[in-house]
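Colleague: Got a minute to go through this model with me? I'd like to start with backbone geometry and then move on to packing and pockets.

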Amino acid sequence: MGERTPSAPLPAGKLAPDLLARLIETDLPPEVRLGPRVGEDACAIEVAAGTLIAATDPITLTGSGVGAHAVIVNANDVAVTGARPRWFLACVLLPEGSTETEAEALFAGMRRALDEVGAALVGGHTEVTAAVRQPLVVGQMLGMAGGRTVPTGGLRPGDALVQIGPAPVEGAAVLADLLPPERIESISAGTLEAARAALDTPGISVVEPALAAARAQAVALHDPTEGGLSAGLHEMAEASGVAIELDAESVAWFEPGVALCTAAGLDPWGTLASGALLAGFAPDQLDPALRKLASAGHAASVIGRAGAGSGVAFDSGTPLPRFERDELSRL
């Protein structure tokens, strides 16, 4: 037998959609209402008391904020199904040399974030290990859906696409800490201060706007993260089996994030977009939904429409580039 030809190394960032689709293809038991699919952020499992929603994501940031970040990112993935995040498990791996003070700070941030989203830490694992060089938190968030489960792939031709919250919020905070002084000398002090505070203001949690959108009869919800708004829009289109036509003038941008992307030579369309939410609404539900969102304090704008076909393009016909890797990875 001949030797198998080795494949090329995988690039940093998300796995390519076609590879991921092959890896997660499986037969599912009947109680799984929503299983692993490209573009979906969580699963839905029918249990005696209703539908259990579960999601998991690892966070590899530096500093004490890694614990809070793990809570928010996983809570977002549950909330975009329309379920309130309730129970959190955390596998916390700390590098050798970590101190009690550092561990306490990590868990203090985690507890603050849990209070913010209304969830509780119910289990997990902690370990100091040489296998990691910086703190790693793998979080699992669970919640219960009261009835209807909102998917990423729920758009149908004619549906309106709404953006709630600007982008790139998370990207702004990362760039403010990452870029050297000579790259940001043209950025005003106020803009830098707003970028550094972006994880808190406007923040990266979409739990409340997602639940409000679900109550307003959203047919699809998605929180774009790695790969920015571009990746989120393409994932939504692919999961729904539709084309999305965008109105570029209506997209909500976080200006400090755009300024820092410009200084770094990055495209804000492909930069970490946690803090933004994409929601689809049927035409007859759009105006009531916008009123309900506004009354709940969530600024929303219609940025596009779903149609027959595939892909994402501007209303001029120009395709929206898809970023397989987040722009930050280029730094």
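Modeller: Sure, and keep in mind that this is a predicted model. Just past helix α9, the backbone at Gly265 has a positive phi, about 75 degrees.

Colleague: Which helices do the buried residues of α9 pack against?

Modeller: Start with who is buried: α9 covers residues 255-264, and its buried set is Pro256, Gly257, Val258, Leu260, Cys261 and Ala264. An α-helix has 3.6 residues a turn, so residues three or four places apart point the same way. The partners of the buried residues of α9 are α4 (169-178) and α5 (189-196).

Colleague: Which helix gives the most to the largest nonpolar core?

Modeller: That core has 68 residues, and Met110, Leu221, Leu260 and Phe281 have the most contacts inside it. The helix giving the most to this core, with 8 residues, is α2 (residues 65-79).

Colleague: And how many residues are in the other core?

Modeller: Nonpolar side chains in soluble globular proteins tend to be buried together. Here another core lies apart from the largest one, with Leu155, Leu229, Val251 and Trp269 among its members. Its residue count is 22.

Colleague: What is the volume of the second largest pocket?

Modeller: Its lining includes Ile164, Val169, Pro202, Ser205 and His298. By type, the lining splits into 7 nonpolar and 5 polar residues, with no charged ones. As for the volume of that second largest pocket, the computed value is about 150 Å³.

Terms used:
Residues numbered from 1 in each chain as written. Predicted model: local features only at pLDDT ≥ 70, side-chain atom pairs only at ≥ 80, totals over all residues. Heavy atoms only, no water. Buried < 20%, exposed > 50% of the residue type's maximum accessible area, 1.4 Å probe, protein only. Helix = DSSP H or I, 4+ residues; strand = E, 2+ residues; numbered from the N terminus. Contact = heavy atoms within 4.5 Å. Core = buried A, V, L, I, M, F, W, Y, C linked by side-chain atoms within 4.5 Å. 1 Å grid on protein atoms, 1.4 Å probe; cavity = no way out; pocket = protein on both sides within 12 Å on 5 of 7 lines; lining within 4 Å. Points joined across faces, edges and corners; volume = space filled by probe spheres on them. Nonpolar A, V, L, I, M, F, W, Y, C, P; charged D, E, K, R; others polar.
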